[in-house]
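Please open the model in your viewer and keep the selection tool at hand. The tour proceeds by selections, each followed by a description of what is found there.

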Amino acid sequence: MTPLEGKNVVLGVTGGIAAYKACELVSRLRKAGAQVYVIMTQHACQFVAPLTFETLSNHPAVTDTFARPETWEVEHIALAKRADVFVVAPATANILAKMAHGIADDMLSTTVLATKAPVLVAPAMNTGMWENAATRENVKLLRQRGIRFIGPEGGFLACGDTGAGRMSEPKDIFAEITNILHPRLDMEGLRVLVTAGPTQERIDPVRYISNRSSGKMGYAIAEAAAKRGARVTLVTGPVSLSVPEGVEAVKILSTQDLYDAMTARCPDTDIVIQAAAPADFAPATVAEQKIKKQGDGDLVLTLRQNPDVAAQVGRLKRPGQVLVGFAAETNDVLKNAAAKLQKKNLDMIVANDVTAPGAGFDVDTNIVTFVTQEKQETLPCLPKTQVAEELLDRAMMIFQKQKR
Ligand code: CTP
């Protein structure tokens, strides 16, 4: 069987000289067994004739040239639904701007707005346009929403300039499409334990102490590991997220519950990733009845320190096991993270400044630094789903190294 047999690729082609390279992409996809449906903008039709794409794809190329808006309504939904992956190559600054702002005024922009398939974009434009603040913002927005990018590459451009703006080569775009359609199963059979969310520490029957953790980071890690073939157990505090497909969830409330769940499970695990934000303190006593106002006086609560779950998991660590923790910091981020790495016997700690815009609690993005004994590596602001993949890549590298 050819690698992309039975897969539907919708390819949007916009108006740039790189449109001719999209022909080669169609040809590669077809040879790999994919069905390719091409949508061309009016400007794309100036660079390459629709007939070329029709012949290569063996399907009609959808163009706007003569279509009335009513015909989009039917066709664009059908194509949007059919796509297993939606690729825009080449993508001009114009289509990026439209995609970033939800503008749907032709067949391509309308269809890409309607699709639920993963979207891959291969930009191609003049360096000045690529570097323009408007394009930079649009790319950032799209990335944050999970749109994947390939390129552009640097080099000599058709306009005579040299710099970033050249569309990636069709073979590289093809490889990325294959990657999206056939996710890696590099974690097949591994047992992965992930923690996520806040804890709740009871004060009385109606009150508790908690924190702002949304659980998004831990849930993204659990989902990504399951997709890569791991057997995942997610020990989760109370959050409003649904448990990812194929993941076993263990619900806990307090840090003590988390401690019990983790110490029982960690010996049977290959990789432990602790993204939860357990409360460090809990009320020393829990009132059995709702605490009433104390006249005009203040209420004094005594808090006792909770066990440090990660430190205990670190003590129980067995050879070959990989332990990853998080460090939520507001100051001296890397210094504090490096100290936690030692104290909790971790192989890697993911440090983030929770006060930075685009990082920390209840946002879909994060800015992290991976800290190990050997090095520190800071990534740009990325969707938490992508941070999850980067984290697992590194955890896997450590795991393989320890096995050798
Ligand atoms: N952690 C834990 N048990 C706790 C507190 C934290 O297992 N009682 C884990 C977290 O899941 C995270 C790591 O330890 O992986 C670091 O958490 P963080 O809140 O940044 O650090 P603390 O150890 O609580 O230190 P401090 O609050 O003093 O910065």
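The stops below cover the domains, the ligand site and three backbone features.

This is a predicted model, in which local features need pLDDT of at least 70 and side-chain atom pairs count only at pLDDT 80 or more, while totals for chains, interfaces and linings use all residues. Residues are numbered from 1 along each chain as its sequence is written, and side-chain values use heavy atoms, with hydrogens and water left out.

**Domains**

Colour residues 8-181 as domain 1 and residues 191-283 + 299-403 as domain 2; these bounds come from an automatic or database domain assignment. The C-alpha centres of domain 1 and domain 2 are 38 Å apart.

**Ligand site**

Select the ligand next, together with the residues that have a heavy atom within 4 Å of it. This shell holds 14 residues, the closest being Gln274, Ala310, Phe326, Lys340 and Lys344. By class, the shell contains 8 nonpolar, 2 polar and 4 charged residues; Ala, Val, Leu, Ile, Met, Phe, Trp, Tyr, Cys and Pro count as nonpolar, Asp, Glu, Lys and Arg as charged, and the others, Gly among them, as polar.

Now display the N and O atom pairs within 3.5 Å, the cut-off for a polar contact with the ligand. A polar side-chain atom of Lys344 lies 2.4 Å from a ligand oxygen atom. At Ala276, a backbone N or O atom is 2.8 Å from an oxygen atom of the ligand. A polar backbone atom of Pro307 lies 3.1 Å from a nitrogen atom of the ligand. The ligand taken alone exposes 570 Å², of which the protein buries 77% (Shrake-Rupley method, 1.4 Å probe).

Highlight α12 (309-315) and β17 (322-329), the elements that give two or more residues to the shell around the ligand. Strand β17 supplies the largest share, 4 residues. Helices (H or I, at least four residues) and strands (E, at least two) are DSSP runs, numbered from the N terminus.

**Backbone features**

Which residues does the cis peptide bond with omega of about -5° join? Select Ala89 and Pro90, which are joined by this bond; Pro90 belongs to strand β4 (residues 85-91).

Move to Gly151 and Pro152, where a cis peptide bond has an omega of about 5°. Pro152 is placed in the loop between β6 (148-149) and β7 (153-156).

Finally, select Asn58, in the loop between α3 (50-57) and β3 (62-63). Although Asn58 is not a glycine, its phi is positive, at about 65°.

Conventions
Polar contact = N/O pair within 3.5 Å; in protein donor to acceptor, adjacent residues only side chain to side chain.
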